[in-house]
Amino acid sequence: MAAIKGGYAGRIAWVDLTKRQVSIKDVDPVFAREYVGGRGWGARIVWDHVPPEADPLGPENVLVVAAGPLTGLLVPGAGKVSFSAISPETGYYGDSNSGGFFGPELKHAGFDALIITGASKEPVYLWVEDGQIEIRDASSYWGMGGLEVQEALRRDLGDSSIKVASIGPAGENLVSIACVNCDWRNAGRCGMGAVMGSKRLKAIAVRGSLDIPVADPEALYEEAKGAFKHVRDHEFARVLRKYGLAWYIDWSNENACLPVKNFRFGTYELHEAINAETMLKRVVTTSTACPRCPMCCGKFSYVRSGRYAGTAIDGPEYETLAMLGANCCLPTVEDVVYANWLCDNLGLDTISAGNIIAFAIECYEKGIIGPEDTGGLELRYGDPDCVFKLLELMAKREGIGDVLARGVKFAANKFGGGSERFAMHVKGLEQSAYDVRAAPAMGLAYATADIGAHHNRAWAITYDIEKGRDTYTRDKAEKVVYLQHVRPLFDMLGCCRLQWVETGLSLDYYAKAYEAATGIKVSADELLRASERVFNLTRAINVRRGLTSAEDRLPDRVFEEPVPDGVVKGYKLDRAKFAELLRAYYELRGWDPETGVPTRAKLEELGLKDVADALGL
């Protein structure tokens, strides 16, 4: 295949931290086209280079930091970068992405991806600048907060414009829910911060001044004009510019899918204390945006007075407001802002943290754990100090925090007493902020997601609302399969999905933008087929690591406890009907309907014959 003309910087850096060596390789055009970029590249590299039995926190695990072919280009929201590895929380494939400016800066520095292998004996950071990479000593930064080290690096390197991806104490201490902070944005899920910590990699600092090549700049510009106008003028884009993603607090409350008290309730009586209107009145100072995005959905918050005076954070967004706010019953938006800042600086995923803390409080209320387990700390919903203390204990892995730091699945197995039935996770990844007791499609999306219960793979709850909150028809399985191809595609391209989700920006536009950028003629269907290839590949990674269909399951709570409040009061999922929906999903995917393993025919259809051979199919 001919060399790619643009879109990609054209180089991948392999960084061996054990040997302190860096090698730089050109991007293989076939590899680039088949796996596109971002999480697609991450999945293939993990399959090829991580042994099936590798310890996620051992030197054999690899961390792939990859931008996409549209990252940094004239495309709405083109600021995404993906972090991929075997997850220390689930033991299976994991990835997480971050918006902001780190991904574009990496490409301007001349690299599409960094593949980090081995592990350093001493703390290090990577200095990436215009085609060069150095492994530098980070001993003086070890122990700093994730936000603090970024400012320290910029100061010491003498450039306030440097972009940094870093970990906090949670990552250093190998906390399973540790995130990677990317200049106020976060790659939060699957414990990628712990993978960095296991490699003694404190940060990646990047400065770039190189152009990103584009095959047809005029065509890209012409496509961009219509796309930017479409997004800018869309009615819901105006809503997000004003309110940000906090708008969904009211939406979820109205639809009784807002997590409250560890997903026991679907509405929060104090939701107006943490919603978008209250944020605007009390803490928001300005809107923020990822590169080249006219939606400006970010909201920068600053606490002006009171006990948290001076706390500043880009956020909180919906998931944080829901999981730390509603789920833990924090009474004010200022409480959530401070909890958000604490998580970012400690380096904790706010979704998982809110899930775990709400679970621990329920265990305490039920007498499954007591003061003897918590070091005398009384666990209560609605108590900000309780939440803050647990966050610190988790990050430091002290006391009960050492148990909670390993995730809700581990904690439930440790606590016992029936707590397993209300540990809200799939495959070990804590469920994000949508109750599924009246949402079979969303439940199916959680159950079958390759990384665990995360909404970014298929946000299907709106389809449940459209088609019926208690229906289990085959079209719901079809919708989930489709969403699991289209939504992760944006992580491969290096773009935010909100422009498609919320404004209906056409997939044909992204195909045309990809063609203009790279010179590779491609249709939207071909891009979706590449995304399907990657979804099957991540399933294969998980199967090779021991996954069975038994783990495509939801927490018992969603089948046993009806929603006690709101517009879907009395609803719960039906086990038998859900099992049939899952079987339909397997059939639609071309997977074995009993085992959930991709068939040889499906893998070969997707160009993955070598994967089928390795699985012995």
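Trainee: Which residue in β6 stands opposite W14?

Mentor: In this predicted model, strand β1 covers residues 11-16, and five bridges join β1 to strand β6 (residues 113-117), the two running parallel. Within that pairing, the residue of β6 that stands opposite W14 is I115.

Trainee: Which residue of β2 stands opposite I12?

Mentor: Besides its pairing with β6, β1 is joined by six bridges to strand β2 (residues 21-26), and these two strands run antiparallel. They form a hairpin with four residues between them, and R20 in the turn has a positive phi of about 55°. Across this antiparallel pair, I12 faces a residue of β2, namely K25.

Trainee: How many of the six residues of β1 are buried?

Mentor: Strand β1 has pairing partners in β2 and in β6. Buried here stands for under 20% relative accessible area, and by that cut-off β1 is mostly covered, the number of its buried residues being five.

Trainee: At what distance from the ring centre of W14 does K25 lie?

Mentor: K25 belongs to the strand pair already described, as the residue of β2 opposite I12. A similar question can be put to W47, where R544 lies over the face of the ring, at 3.7 Å from the ring centre. For K25, which lies over the face of W14, the distance from the ring centre is 5.2 Å.

Trainee: Why is the pair of Y248 and W251 counted as it is, and what is the name of its arrangement?

Mentor: A search of the whole structure finds 27 aromatic pairs. In the pair of Y248 and W251 the ring centres are 5.9 Å apart and the planes stand at 80°, and because planes over 60 degrees apart fall in that class, the arrangement is edge-to-face.

Trainee: Where in the secondary structure do both Y248 and W251 lie?

Mentor: Both residues are buried, and ring pairs link them into a cluster with others, including F236, W247 and Y434. Along the chain they are three residues apart, about one turn of the helix, and the helix that holds both is α9 (residues 248-254).

Trainee: How much space lies in the largest cavity?

Mentor: The search of the whole structure finds three cavities of 30 Å³ or more. The largest cavity is lined by 47 residues, of which K80, L245, E317, E319 and H455 lie nearest its centre, and by class this lining has 19 nonpolar, 16 polar and twelve charged residues. Among the elements that each supply at least two lining residues are β5 (93-98), α11 (318-326) and α12 (333-346). The space in this largest cavity is about 1000 Å³.

Trainee: How much space lies in the second largest cavity?

Mentor: Its lining includes Y243, C297, K299 and P316, and by class it has five nonpolar, three polar and two charged residues. The space in this second largest cavity is about 40 Å³.

Trainee: Which helix gives the largest share of the lining of the largest pocket?

Mentor: About 300 Å³ of space lies in the largest pocket, and of its 17 lining residues Q150, D183, W184, R185 and D314 lie nearest its centre. The lining divides into seven nonpolar, three polar and seven charged residues. Its largest share, five residues, comes from the helix at residues 146-157, α4.

Conventions:
Residues numbered from 1 in each chain as written. Predicted model: local features only at pLDDT ≥ 70, side-chain atom pairs only at ≥ 80, totals over all residues. Heavy atoms only, no water. 1 Å grid on protein atoms, 1.4 Å probe; cavity = no way out; pocket = protein on both sides within 12 Å on 5 of 7 lines; lining within 4 Å. Points joined across faces, edges and corners; volume = space filled by probe spheres on them. Nonpolar A, V, L, I, M, F, W, Y, C, P; charged D, E, K, R; others polar. Buried < 20%, exposed > 50% of the residue type's maximum accessible area, 1.4 Å probe, protein only. Pairing = 2+ DSSP bridges. Phe/Tyr/Trp six-rings, centres within 6.5 Å; stacked < 30°, edge-to-face > 60°. Lys NZ or Arg CZ within 6 Å of the ring centre and 35° of its normal.
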